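Student: I've just opened this one and would like some help reading it. Could you take me through it feature by feature?

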Amino acid sequence: MSLSPRKIMDFYVNGFRSMTLGKTLWKIILIKLIIIFAVIKFFFMPDYLHTRFNTDTERAQHVMNVITRAHGPGGKNLIP
Amino acid sequence: MLEQTGLELVNWARAQFALTAMFHWIFVPLTLGLSFLCAFFESIYVKTGKEEWRRLTRFWMRLFGINFAIGVATGIILEFEFGTNWSNYSWMVGDIFGAPLAIEGLVAFFLEATFFAVMFFGWDRVSKGFHLFSTWMVAIGSNLSALWILVANGWMQFPTGMAFNPDKARFEMQNFWDVLFSPVAISKFTHTTSSGFLLGSLFVISVSSWYLLKGRHRDMAKKSIVVASMFGLLSALFVGFTGDEAAYTDAQKQPMKLAAFEGLWKGQENAGLVAVGVLAPDKRPGDDKDPFVFEIRIPGLLSLLANRSPGSFVPGIDDLVYGNKDRGIMGANEKITRGKIAIEQLAAYKKAREIGDQAAAEGALQEFDAHKAYLGFGYLDSPEQAVPPVAVTFYSFHAMVALGTLFILIFFIFLVLTMKDKIEGQRALLLLGVLSLFLGFIASEAGWVVAEVGRQPWAIQDLLPVTVARTDINVGSVKTTFFMFLVTFTVLFIAEVGIMLKQIQIGPEGK
């Protein structure tokens, strides 16, 4: 079997066309991906350091502050 | 107030991560196990050329496809949670996890775009040999894809092959091979993937048992049971072997986890393994109360398990919290002192760098290097905080082991009776076969509870507690997303079960 781009394309197109249960599954996958990326990621789960800081230097500085700030005067932990 | 809010935030973030991971883990082990079972079924079809094996293969492949479709991408939410709820942790491990997760992503993408398509679209369109090759590639690729995730998890349990860069506040990979071949990573991979094979086998036995109880598709069900119980039996024995290895690596690298899942408070020579036990609920570190209300022990077995030596000493929770000079064990109390020095020197290094005092920076860095192995302990307020939730870890471990032993028996009995063609009359056994899938899920999830709850309070073992790994965000937003995920996952789960049950009801094509 020669593998021309046309044949590969036909393979996928025919495969998708002949799906029965697969069509339902693809719908679920697409809805799920939309919910995950367009809703959850976009509105509810931002990358904290990337939204708050512009450069890696700033991000490193912030994390360094957090992990050293924990050791307050007299050894008292400031982070619970 | 600050303390309470911080703990509430950590606990909600932990609950959210546990919810997502446990939901994701419903689908992953089935994918790992069913993919190989499909490859076995199809191999028999190609070898024998018999139509019934083709029908059987396509049926299980359909169920495999449903599970894959519903489960795919649920793991991505875990990565979002890293960035939102665990941003300090995420930043600190970015250099270590970048490579394994990128490889995982690439493997998954190419696998799904090529061989997965052939597996589902390729029947009668490509040669039998190429189709079989694709099915095997999906099975091998899915399991290799799991390798990289488990390597990342193994690193959190036993951070190796890295160095802390104080200028970037992150751990950087020094030796990829040390990370890949760390004993914890290898143990995690072998134990976890083989438990997936076990669960996949239970799935096939469960559905086939239901068919036999209903008197439907009897020939297909019996053929499926023979292959699944053989694969399941071998997998269950291997799970036991790798579980023993996992316990050994826990004893060497995470002794607190071992002490917690065995309910061992005072270290012992010739320590016995608790076969069955009920923990005393009010037992606390350092007190003299009896840790068990009731227990049956197998003498010497825990020492053998932990050190490969029956008479050897196994440290208990109290030894690890308060130290044991006679045994040369440093307690968490001493480690906290050293950890605080590490943090202090890190702060001094930072300050020296800011004012350009190179000599002071070098001096602070030297002191930090001398104490950095205990860095995480410096964030604890008391040595007792180094103890994970003992009851959850103990009961999860013992449920997992008891069920794992039961599965060996189930696979063996199903294999023998089906080979002798005596399985159909065994109604009680077939009911147990149907039920076994749910027991399999309990054991599988319990395994992760042991691994993850048992290593608390650490996000990175000994180096970073969850209280510092977290992001300083509003607890309300974490609660909101928790319930949002709960609803989303419930809907997806209902969809999975509904579609799966419908297809099982329909049965193999052509019937």
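Tutor: Sure, let's begin with surface. Accessible areas come from the Shrake-Rupley method with a 1.4 Å probe, and for residues only the protein chains shown count as cover. Before we apply that, note that this is a predicted model, where local features need pLDDT of at least 70, side-chain atom pairs count only at pLDDT 80 or more, and totals for chains, interfaces and linings use all residues. Residues are numbered from 1 along each chain as its sequence is written, chains are lettered from A and ligands numbered from 1 in the order in which they are written, and side-chain values use heavy atoms, with hydrogens and water left out.

Student: What does the accessible surface of chain A come to?

Tutor: About 5,200 Å², and carbon and sulfur atoms account for 66% of that. You can also sort residues by relative accessible area: buried is under 20%, exposed is over 50%, and partly exposed is in between (1.4 Å probe, protein chains only). By that rule, 36% of the 80 residues of chain A count as buried.

Student: How many helices and strands are there in chain A?

Tutor: Helices (H or I, at least four residues) and strands (E, at least two) are DSSP runs, numbered from the N terminus. Chain A has four helices and zero strands, so its elements read α-α-α-α from the N terminus on.

Student: Now the two chains together. How many residues of each chain are in contact?

Tutor: Contact means heavy atoms within 4.5 Å. Here 43 residues of chain A are in contact with 62 residues of chain B. For the area, take the accessible area (1.4 Å probe) that two parts lose on being put together, summed over both; that is buried area. The two chains bury about 4,300 Å² between them, with 74% of it on carbon and sulfur atoms. B:F80, B:W91 and B:F121 supply 16% of the area that chain B buries against chain A, more than any other three residues.

Student: How many salt bridges and polar contacts are there between the chains?

Tutor: A salt bridge is a side-chain nitrogen of Lys or Arg within 4 Å of a carboxyl oxygen of Asp or Glu. Between chain B and chain A the count is zero. A polar contact is a pair of N or O atoms within 3.5 Å; within protein, one must be able to donate a hydrogen and the other to accept it, and residues adjacent in sequence count only if both atoms are side-chain atoms. The rule finds eight residue pairs of that kind across the interface, both residues at pLDDT 80 or more. On the side of chain B that touches chain A, the largest share, nine residues, comes from α4(B). That side divides into 33 nonpolar, 17 polar and 12 charged residues. In this sorting, Ala, Val, Leu, Ile, Met, Phe, Trp, Tyr, Cys and Pro count as nonpolar, Asp, Glu, Lys and Arg as charged, and the others, Gly among them, as polar.

Student: Where can I look at a salt bridge?

Tutor: The structure holds 25 salt bridges over all chains. One of them joins A:D10 and A:R6, whose closest N and O atoms are 3.7 Å apart. These residues sit four apart in helix α1 (residues 5-17) of chain A, so about one helical turn separates them. A:D10 is partly exposed at 31% relative accessibility, whereas A:R6 is exposed at 62%.

Student: Are B:D287 and B:K283 buried or exposed?

Tutor: Both are buried, and their side chains meet in a salt bridge at 2.6 Å, N to O. Elsewhere, B:R218, B:K222, B:D421 and B:E424 are linked in a network of salt bridges.

Student: Which residues does B:I205 contact beyond its neighbours within four places in sequence?

Tutor: They are B:A228, B:S229, B:F411, B:F414, B:G433 and B:S436. B:I205 lies in helix α7 (residues 183-214) of chain B and is buried, at 0% relative accessible area.

Student: What about the backbone: which residues does a cis peptide bond join?

Tutor: B:Q456 and B:P457, with omega about 10°. B:P457 is in the loop between α15 (427-453) and β7 (458-460) of chain B. Look also at B:N270, which has a positive phi of about 50° although it is not a glycine. B:N270 lies in the loop between β3 (268-269) and β4 (273-279) of chain B.
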